[in-house]
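Me: Got a minute to go through this one with me? I'd like to start with the basics and then wander a bit.

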Amino acid sequence: MLLIESKEGAIACMIFSLLFLGTWPALLTLLERRGRLPQHTYLDYTITNLLAAVIIAFTFGQIGDGTDEKPNFIDQLSQNNWSSALFAMFGGIVLSLGNLATQYAWAFVGLSVTEVITSSIAVVIGTTMNYFLDDKINKAEILFPGVGCFLIAVCFGSAVHSSNAADNKAKLTGVSNDSKNGIMKNDAYVSKGTYANKDVEKGNDVKEKAKFGTANFLVELENNRAIKVFGKSTFIGLAITFFAGICFSLFSPAFNLATNDQWNTLGKNVPHLSVYTAFFYFSSCCFVVAVILNIGFLYRPVLNLPKSSMKAYLSDWDGRGWALLAGLLCGFGNGLQFMGGQAAGYAAADAVQALPLVSTFWGILLFGEYRRSSRRTYILLVGMLSMFIVAVGILMASSGHRK
């Protein structure tokens, strides 16, 4: 199998992982803002997310002839390594819950702030755990100041969200009640006609789009999106975000235990799980949890979303390609993160939690986040991103080398 053993190779894996993991949330956010039910989107996403793990396992995990110490992927499936496999499965469960929660948090808190808060929590808790699990191969005098910077970024992120929510409330004060009351309250999901470009293709008249950041833009967005947020407490969004961050902080240490068996749970002469075998178990469990929960949410939705059904999901092709692409990006991004972590230490590999820098770029470019906001919001936003950049640089500088 292919093994990443050099520090340079590990950093290359982290960079590609960072780009992939920072882009897929933007695709799912785009679909929610266009009116596609998150249950439909997540079911599509989770299919290709598993497919990515299967592709990685049968390619990188099967390159060359395996040995007794380092068996290939297929050989490991029949070995008595279930104690390690259970750690990988637990990691898949918490990642699935975290990703599912963030899909709802993006609507309430925004793509940029959600990603910064969840990633920073994951680093503060998860990186600390990985440091000790990896037998302290990372430089503590560099690593922990970086963790502290992530913690400050969380505080900035919460402040940005509160400030931006106040800005939006002030903007909407000048909007007529008729406009606000025109917000759709769907009792049934309509899979077609929710995309503005569909109306253009059909030759229908389409009103000129409101400019980013204006009150009319906020009302127009609320009319189109699947998850309605007007009138909801900001606490709901932050609570979902912090729950997701806790979930994200656990999946990397669990994967670390699965591949390195620091607690000596494997039997004598049983080789450690390879990254590829562990990732297959990890993604399979992630898939099962996601399917069970989202099929349940079709019939018993949360946050006042309209009910749907399997028939409606199967016939809903609007945006399906983007959802499938998001699953592939996330799957390959996670795989590359673990490949780099096995070589340079999982604490250093948590540098891929810099993904909010990529997500913020997409959030501002595609969704007009923070356009026409107050000076206070801009100052807090710059502070959040600056602290995040510093933290990521410090974390990468702490990279070690696993013997």
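Reply: Sure. One term before we start: contact here means heavy atoms within 4.5 Å. Also keep in mind that this is a predicted model.

Me: OK, so what share of the contacts between residues at least 6 apart in sequence join residues at least 24 apart?
Reply: That share is 85% in this protein.

Me: And the secondary structure, how many helices and how many strands?
Reply: The protein has 16 helices and zero strands.

Me: How much of the protein is buried?
Reply: Of the 403 residues, 55% are buried.

Me: What about the accessible surface, how much of it belongs to carbon and sulfur atoms?
Reply: Carbon and sulfur atoms account for 64% of it, and the accessible surface comes to about 17,300 Å².

Me: Let's do helix packing. At what angle do helix 4 and helix 5 cross?
Reply: Roughly 130°, and the axes come within 7 Å. Helix 4 covers residues 82-109 and helix 5 covers residues 111-133. Angles of 65 to 115 degrees count as roughly perpendicular and those over 145 as roughly antiparallel, so helix 4 is oblique to helix 5.

Me: Which residues make that contact?
Reply: On helix 4 you have Thr102, Ala105, Trp106 and Val109. Helix 5 brings Leu111, Val113, Thr114, Glu115 and Thr118.

Me: Left-handed or right-handed, the crossing of helix 4 and helix 5?
Reply: Helix 4 passes helix 5 in a right-handed crossing.

Me: How does helix 4 pack with helix 11?
Reply: The angle is about 40° and the axes are 7 Å apart, with helix 11 running over residues 275-299. That pair is oblique too, because the angle falls between the roughly parallel and roughly perpendicular ranges. The crossing of helix 4 and helix 11 is right-handed.

Me: Which residues of helix 4 and helix 11 should I click on for that contact?
Reply: From helix 4, the residues in the contact include Ala85, Ala88, Gly91, Gly92 and Tyr104. From helix 11, they include Tyr281, Phe282, Cys285, Cys286 and Phe297.

Me: Cysteines, good. How many disulfides are there?
Reply: Zero disulfides. Take Cys330: the nearest cysteine sulfur is that of Cys286, 7.4 Å away, and Cys330 is in no disulfide.

Me: Cys330 and Cys149, buried or exposed?
Reply: The cut-off for buried is under 20% relative accessible area. Cys330 has 2% relative accessibility, so it counts as buried. Cys149 is at 13%, so it counts as buried as well.

Me: Back to helices for a second. What's the angle between helix 6 and helix 9?
Reply: About 100°, with the axes 8 Å apart. Helix 6 is residues 140-172 and helix 9 is residues 215-224. At that angle, helix 6 is roughly perpendicular to helix 9.

Me: Which residues meet there, between helix 6 and helix 9?
Reply: Asn168, Lys171 and Leu172 in helix 6 meet Ala215, Leu218 and Val219 in helix 9.

Me: Now some single residues. Where is Ser120, and what does Ser120 touch?
Reply: Ser120 lies in helix 5. Leaving out residues up to four places away in sequence, Ser120 touches Phe150, Ala153, Val154 and Phe388. Its relative accessible area is 0%, so Ser120 is buried.

Me: And Leu355, what is Leu355 in contact with?
Reply: Apart from neighbours within four places in sequence, Leu355 is in contact with Leu18, Leu21, Gly22, Glu115 and Ser119. Leu355 is found in helix 15, residues 355-367. With a relative accessible area of 7%, Leu355 is buried.

Me: How far apart are Leu355 and Val392 in space?
Reply: 9.9 Å, C-alpha to C-alpha, and they are 37 residues apart in sequence.

Me: Last topic, backbone oddities. What's the phi of Asp261?
Reply: Positive, about 50°, although Asp261 is not a glycine. Most residues other than glycine have a negative phi. Asp261 lies in the loop between helix 10 and helix 11, and at 8% relative accessibility Asp261 counts as buried.

Me: And Leu303, where does Leu303 lie and what is its phi?
Reply: Leu303 lies in the loop between helix 11 and helix 12. Its phi is positive too, about 55°. Leu303 has 25% relative accessibility, so it counts as partly exposed.

Terms used: Residues numbered from 1 in each chain as written. Predicted model: local features only at pLDDT ≥ 70, side-chain atom pairs only at ≥ 80, totals over all residues. Heavy atoms only, no water. Disulfide = S-S within 2.5 Å. Buried < 20%, exposed > 50% of the residue type's maximum accessible area, 1.4 Å probe, protein only. Helix = DSSP H or I, 4+ residues; strand = E, 2+ residues; numbered from the N terminus. Areas by Shrake-Rupley, 256 points an atom, 1.4 Å probe, with all protein chains shown as cover. Axes fitted to C-alpha atoms, helices over the stretch in contact; angles between N-to-C directions. Parallel < 35°, antiparallel > 145°, perpendicular 65-115°, else oblique. Left-handed = near helix turned anticlockwise from the far one by under 90°.
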